[in-house]
Amino acid sequence: MNHLFYLLSDPMLIVEWDESRWSIVDVNQAFAAFSGFKKSDLMLLDPSTIISTDETTLSFDEAVHQLADEQALSPLLECKLVTKSSTPADIRLSCRKLQLEDRIVYVIICKDLREAKWIDEYILHHKIMVSAVVNERYNIMSFKHYYAPVQQPSSSYLNKSIFELVPDHERSKLKRVLEYAKNNRTAESVDFHLKLGDRCYIADAVVQPFYNGNRTLKNFVVILTSLHMNNQDEDPSYKLRMLMLSKNISVTSLAQSTLISLTTISKIRNGKIKKPQRLTAELIAGELGVRPEMIWSSYKR
């Protein structure tokens, strides 16, 4: 088998039908770690005993053939992987049919969905600024911003250590929290200083660890629930955006309620107008339930 199969980070297994049953021909290291079973034990199993397709209404046999069908409308399927030491893990399957000499085998690729589903569930009940997946070496594997003032594209943060975004004096604090979450298998809250682009913030965060089936750490999900400018001259446009977000007020609704033009509201919100006229500032602040000086520190009554 191609050595690339063993090196790929996605959990993969190779299965075949031998006239009476499905059997596992091979697995890569990523699948063995994810499932928690030794390779030698996996080779003795029927793959349908660890990959559950019950929720799809398809049998394992039907799922494999549907996924391997190049003409199928849906080349992906969500199901469960039964791991050795934890509850079944949500996965997304894809499959490729290969001809090996006189045999037909199927390469099944498993995408772990646990982190993504946890983030989706968290978003249903909380407002968040940023979500990041950080691996066991503390490198950022995914980075997604929602309402945060992130200046660079998300891709610019990938494969960087999360500690590169944290000042030296804060790194040991964040590392202690990550280690505590890892060792106690619990979600933990932490606040720390964070640098995004050329701006420094105080971040409130939640850290959730995830594990492989062999109980080794897989990833952390780090969710930033709030970001506060870490200086006295906080950007008024940022404060305005955060106030509007917290009160669920759109640019359009704010323009309608204050009778200020949509263009003017947009320019103030984007920082193109840094000091609006007195009446404009009072109308906007009043609609948001704050004093004008709470947004524009230079405002004088």
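Where is T57 found? Select this residue to begin the tour, bearing in mind that the model on the screen is predicted. T57 sits in the loop that runs between β3 and α4 (60-68). Its phi is positive, about 70°, although T57 is not a glycine. T57 has a relative accessible area of 72% and therefore counts as exposed, the cut-off being over 50%.

**The six-stranded sheet**

Next, select strand β3 (51-52) and the strands that belong to its sheet. Six strands form this open sheet, in the order β2-β1-β6-β5-β4-β3, and their pairing is antiparallel. The edges are held by β2 (22-27) and β3, each of which has a single partner strand, so one side of each is left without a neighbour in the sheet.

Now display β3 together with strand β4 (residues 77-81). Two bridges pair them in the antiparallel sense. To view one such pair, select S52 and then K80 in β4, which is its bridge partner.

Move on to the loop between β5 and β6, where E101 lies. E101 is not a glycine, yet its phi is positive, at about 55°. Is E101 buried or exposed? With 76% relative accessibility, E101 counts as exposed.

Add helix α5 (residues 114-125) to the selection. This helix lies across β4, β5 (89-100) and β6 (103-112), and it runs at about 150° to β5.

**A surface patch at the start of the chain**

Turn to helix α1 (residues 3-7) and select L4, which has its place there. Add L7 and L8. Together with L4, these residues form a nonpolar patch on the surface, with about 310 Å² of accessible area in total.

**Strands β9, β10 and β11**

Select strand β9 (residues 188-196) and strand β10 (residues 199-211). How many bridges join β9 to β10? Nine bridges do so, and the two strands run antiparallel. One pair to display is E188 with V207, its bridge partner in β10. β9 and β10 form a hairpin with two residues between them, and G197 in the turn has a positive phi of about 70°.

Continue to strand β11 (residues 217-229), which pairs with β10 in the antiparallel sense over eleven bridges. Here P209 stands opposite F220 in β11. This hairpin of β10 and β11 has five residues between the strands, and R215 takes a positive phi near 75°.

Keep P209 selected and add N184, which is found in helix α6 (residues 168-184). These two residues are 25 residues apart along the chain, and their C-alpha atoms are separated by 9.3 Å. N184 is partly exposed, with a relative accessible area of 39%.

**The enclosed helix α7**

Finally, select helix α7 (residues 236-246). Nine of its eleven residues are buried, so this helix is largely enclosed by the rest of the structure. The buried residues are S237, Y238, K239, L240, R241, M242, L243, M244 and L245.

What covers the buried residues of α7? The cover includes β10 and β11, the strands visited above, as well as α8 (251-258), α9 (262-269) and α10 (278-288). Display these elements around α7 to view the cover. The tour ends at N248, which follows α7 and has a positive phi, near 55°.

Technical notes
Residues are numbered from 1 along each chain as its sequence is written. This is a predicted model: local features need pLDDT of at least 70, side-chain atom pairs count only at pLDDT 80 or more; totals for chains, interfaces and linings use all residues. Side-chain values use heavy atoms; hydrogens and water are left out. Patches are made of residues with over 30% relative accessible area and no salt bridge: like charges are joined within 9 Å, nonpolar side chains (Val, Leu, Ile, Met, Phe, Trp, Tyr) within 5 Å. Accessible areas come from the Shrake-Rupley method with a 1.4 Å probe; for residues, only the protein chains shown count as cover. A salt bridge is a side-chain nitrogen of Lys or Arg within 4 Å of a carboxyl oxygen of Asp or Glu. Helices (H or I, at least four residues) and strands (E, at least two) are DSSP runs, numbered from the N terminus. Two strands pair if DSSP finds at least two bridges between them. Contact means heavy atoms within 4.5 Å. Axes are lines fitted to C-alpha atoms, for helices over the stretch in contact, and angles run from 0 to 180 degrees between N-to-C directions. Buried means under 20% relative accessible area, exposed over 50%, partly exposed in between (1.4 Å probe, protein chains only).
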